[in-house]
Amino acid sequence: MADSSYESPSEYIGHHLSNNEVHLDFLGGGSFMTLHLDSFVMAVLLGIFSMGLIWLVARKASAGVPTKTQAFVELIFSFIDNQVGNIFHGNRHSFVAPAALTVFIWVLMMNAMDFLPIDIMAKFYGMLGLYEWKAVPTSDVNTTFGLALGVWFLMIYFGIKVKGMGGWLHEIFCAPFGSSVWVWPANFLFNLIEYVSKPLSHSLRLFGNMYAGEVIFLLLGLWAATGVSGIIFGSILGAGWAIFHILIVVLQAYIFMMLTVVYLSMAHEGH
Amino acid sequence: MNINFTMIAQAIAFAILIWFTVKFVWPPLLNAIEKRQKEIADGLAAAQEGKLSLEVAAKKNAETLNEVKQKGAEIVGQAEKRAAEIVEQAKNVAKDEGDRIIASAKSEIDQEVNRAKEELRGQISTLAIQGAEKILDKEIDKKTHADMLTKLAKDL
């Protein structure tokens, strides 16, 4: 359903995939000091909405017979708790499990924004005066990388907290090949690559999936603009892709959470 | 698709959200669930205990019942024995009493008979003397014949 105002398909796709940029001149400006307002606002709103809902239930959680809402929240809770308990062997309740719950719910909600029909939502945002508004925060690499970066810092923090600064440095230089001085460079290089690749693979996996999902929706939307057959096939395939996307949305949120837990438990346990 | 400040903003939002969950969302849920789990476990344990104590009580009941039955039977047996004894005793007493009564009656009868005999003897001796007086028509000296008459009366 390409709008008549688009000159070419590439403009249509480009428009739908570009973020609402706000230049932060008070921070010095430049290309880095830019905020994707749509990603940030949607992420924060979804975070407040989802975790706030759970908080409302948790606040009044009773040990007696639970209400249906509480039972639902407890279902999610136990699911996360079990998953984390399988991987992380320590006191998971103090940090890792709640962090995993946050990651799972938040990423799931952000991914789920992909279900909103892009062109209809674009009209809606247009009515609000938002002409460039990407509703899926996780299809913005900044969001996924921001999350991965958060996990990365937690990883380093727990690595130092559990093993001590000395232990952590020892691990960086002496694992995995041994503590001989001759293999220190190799060890260091190895760990460096590990520390770089972890957040990259962590964030780009989610970003790639969500971005690709959006692109396919856009392509199907383009097809639907070409005529009657395009509308029929575009709709059917769009529906099919949306159904398949339910799996991807949940699966990617789950993978992101599991990787978070795995990285954090690796930081706790060491080599 | 360029890396910019959004990343840092999202990381901060992420950190705040995690802090919020760690602080306010997870603990009450964990508490509620663990408390319920404990309550359920306690309930199951109590039920098990109740079942066990019920079994023990039933066993004890059966034992007590048995004991009571045995005791009852014993008491009944003793009572029967005692009753038999009492009956026997009563019989003996009654028999003795009867014998005694019979003996005293017999002795009374004997006495009565003796007394009657005595009397009869006396009367007979008187009659005999009167008859003899009539036959002899003369006064018999009672004093002189008294010894003979008494002897006669005795022989009767």
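Start by selecting α2 of chain A: its buried residues pack against β2 (34-36), α3, α4 and α6 of chain A together with α1 of chain B. Buried here means that 20 or more other C-beta atoms lie within 10 Å of the residue's own, exposed means 12 or fewer, and partly exposed is in between, with C-beta atoms placed from the backbone. Helices (H or I, at least four residues) and strands (E, at least two) are DSSP runs, numbered from the N terminus.

Some housekeeping before we move on. This is a predicted model, where local features need pLDDT of at least 70 and side-chain atom pairs count only at pLDDT 80 or more, while totals for chains, interfaces and linings use all residues. Residues are numbered from 1 along each chain as its sequence is written, with chains lettered from A and ligands numbered from 1 in the order in which they are written.

**Stop 1: α2(A)**

Keep α2(A) selected and show side chains. Its buried residues are D38(A), S39(A), F40(A), M42(A), A43(A), L46(A), G47(A), M51(A), I54(A), V57(A) and A58(A). Now try a distance between the end C-alpha atoms: they are 31 Å apart, which agrees with the 33 Å that 23 residues should span at 1.5 Å a residue. That expected span is 1.5 Å times one less than the number of residues in the helix.

**Stop 2: F77(A)**

Next, pick F77(A), which sits in helix α3 of chain A. Buried or exposed? F77(A) is buried, because 24 other C-beta atoms lie within 10 Å. Draw a line to I54(A): the two residues are 23 apart in sequence, and their C-alpha atoms are 9.8 Å apart in space. Then look across to the other chain, because F77(A) touches L29(B) and I33(B), leaving aside residues up to four places away in sequence; contact means that C-beta atoms, placed from the backbone, lie within 7 Å.

**Stop 3: the interface**

Widen the selection to both sides. On chain B, 30 residues are in contact with 40 residues of chain A. The chain B side divides into 22 nonpolar, five polar and three charged residues. For that split, Ala, Val, Leu, Ile, Met, Phe, Trp, Tyr, Cys and Pro count as nonpolar, Asp, Glu, Lys and Arg as charged, and the others, Gly among them, as polar.

**Stop 4: the cores**

A nonpolar core is a set of buried Ala, Val, Leu, Ile, Met, Phe, Trp, Tyr and Cys residues joined through C-beta atoms within 7 Å. The largest one has 65 residues, and A100(A), F104(A) and V107(A) have the most contacts inside it. At least two residues each come from α2 (37-59), α3 (68-87), α4 (96-112), α6 (141-174), α7 (184-224) and α8 (228-269) of chain A, together with α1 (5-136) of chain B. Which helix gives the most to this core? Colour α4(A), which supplies 13 residues.

Zoom in on V107(A): T138(A), L206(A), A253(A) and F256(A) touch it, not counting residues up to four places away in sequence. Apart from this core lies another, of five residues, including F217(A), L220(A), W223(A) and A224(A).

**Stop 5: chain A as a whole**

Zoom out to chain A, with its eight helices and two strands. From the N terminus on, the elements run α-β-β-α-α-α-α-α-α-α. Along the principal axes, the C-alpha atoms fill a box of roughly 70 × 55 × 40 Å. Of its 271 residues, 35% count as buried. For a contrast with F77(A), click on I156(A) in helix α6 of chain A; I156(A) is exposed, with 12 other C-beta atoms within 10 Å.

**Stop 6: chain B**

Now show chain B alone: two helices and zero strands. Its radius of gyration, taken over C-alpha atoms, is 60 Å, well over the 15 Å that the globule rule gives for 156 residues, so chain B is more spread out than a compact globule. The rule itself is 2.2 Å times the number of residues to the power 0.38. The C-alpha box is roughly 195 × 20 × 20 Å along the principal axes, and 10% of the 156 residues count as buried.

Select A73(B) in helix α1 of chain B. A73(B) counts as exposed, with 10 C-beta neighbours inside 10 Å. From A73(B) to L120(B), 47 residues along the chain, the C-alpha atoms are separated by 68 Å.

**Last stop: confidence**

Finally, colour by pLDDT, the predictor's confidence in each residue, from 0 to 100. Chain A has a mean of 89, with 97% of its residues at 70 or more. Within chain A, confidence is lowest in helix α1 (residues 9-17), at a mean of 82, and highest in α4(A), at 94. Chain B has a mean of 89, with 94% of its residues at 70 or more. The model scores ipTM 0.87 and pTM 0.76.

Definitions and conventions. Two residues are in contact if their C-beta atoms, placed from the backbone, lie within 7 Å.
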